[in-house]
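Visitor: I'd like to learn how to read the surroundings of a ligand. Please walk me through it.

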Amino acid sequence: MHVERVGKELIVQAPAKLNLFLEVLGRRDDGFHELETLMWPVSLYDTLSFTPAESADERGAIEFSCDWQPLERSSRHAGTAGGVFGAIPPERPALDNNLVVRALHLLKQVSGTQAGARVKLTKRIPVAAGLGGGSSDAAAALLAGNLGWQLGLATDVIHSCAAQLGSDVPFFLAQSPAICRGRGERVEPVQLNGTGWFVIVRPASGLSTADVFRACRPSPFPRQAKQLLEVLSERGWEHAGRELFNALEPAAESLNDEIVQLRREFTKLDVLGHQMSGSGTSYFAVCRSARQARQIVARLRSRKLGNAFVVRGCR
Ligand code: C5P
């Protein structure tokens, strides 16, 4: 998460994430699932602009607007290999009850500030895709509100606001690859070696996270993320690609045929590993190089399987 100040305006780059590992350990009484997941922020960004309101006339309102920016017009934000949208127009996130607006109202409630703000979100991360776009935007709003309104809220207060907003929001505050446990809010940053070049495809349809969790079955013999971490640090992606794992994939495939189609297509590629991210529907491959990633994007794009783009892991 990169924050830049231009006069009174704060500009935050909010990354997407990929789940390299996701195990479902059990169902909880509160309806959530106990998880262990390894997530890595990647170089596909939404941009949040936050400008504190100047005058008291604005009565503490949050004025929110949202634009889509197709990736071909913003390759700077999609990693050095650039990105492309295919023929599928992106879905727009809801303006009302948006996580950004909810995050700022929560900050106002927790801090007691009467301040308002003008907030503009430029979306590039596909929604309902398992890429964490909405959660990353919410984390960006918490950081921007705390700084821009000069609230001085402590890290643990911001973390607790993040956990209230969504299971993945605390991860994006950590600004690092991390193993997340609990329902996702217990974040342990980890060191990952190598850059990691990925191709992501978001098919035409999305999936609701709640629907996928409802359809999944917790594993009686849970796997652990540390195996992937160990292989990655000792032997690199050449071997770690085989350790990718996502326990939500069978449930998501039972709800969405496009993921099955993507898995079949990715199985034909000479990549180091591939799987679905989060609760889907995005599917990704770990590539051997930036060059291979660009070639694969071109091939997938010609097959019109969805919006395909190249990203790399954020440092
Ligand atoms: O926390 P978040 O709002 O992102 O979760 C969306 C939905 O996904 C939850 O309402 C819940 O149904 C499901 N979920 C779950 N277990 C988790 C995270 C999410 O069952 N650990």
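Visitor: Which residue has a polar backbone atom 3.0 Å from a nitrogen atom of the ligand?

Guide: A polar contact is a pair of N or O atoms within 3.5 Å. Here, the partner of that ligand nitrogen is R183, through its backbone. Side chains join in too: an N or O atom of H33 is 2.8 Å from a ligand oxygen, and one of S167 is 2.6 Å from a ligand oxygen. The ligand on its own exposes 450 Å², and the protein buries 72% of that (Shrake-Rupley areas, 1.4 Å probe). Keep in mind that this is a predicted model, where local features need pLDDT of at least 70 and side-chain atom pairs 80 or more, while totals for chains, interfaces and linings use all residues. Residues are numbered from 1 along each chain, and side-chain values use heavy atoms, without hydrogens or water.

Visitor: Which residues are around the ligand?

Guide: A residue counts if one of its heavy atoms lies within 4 Å. That gives G31, F32, H33, L35, G166, S167, R183, T209, A210 and F213. By class, four are nonpolar, five polar and one charged, with Gly counted as polar.

Visitor: Which element gives the most to that shell?

Guide: Helices are DSSP runs (H or I) of at least four residues, strands (E) of at least two. Helix 5 leads with three residues; strand 3 (33–52) and helix 5 (209–215) each supply at least two.

Visitor: What space does the ligand take?

Guide: A pocket is an open set of points on a 1 Å grid over the protein atoms alone, where a 1.4 Å probe fits, with protein on both sides within 12 Å along at least five of seven lines; lining residues have an atom within 4 Å of a point. The ligand takes the space of the largest pocket (more than half of its atoms within 2 Å of the grid points). About 1100 Å³ lies in this pocket, counted as space filled by probe spheres. Its lining has 47 residues, with L99, S135, D168, T209 and S279 nearest the centre. Elements giving two or more of them include helix 1 (99–111) and helix 2 (133–148).

Visitor: Where is Q175 found?

Guide: Q175 is in the loop between helix 4 (169–174) and strand 6 (178–182). Its phi is near 55°, a positive value in a non-glycine residue.

Key: Polar contact = N/O pair within 3.5 Å; in protein donor to acceptor, adjacent residues only side chain to side chain.
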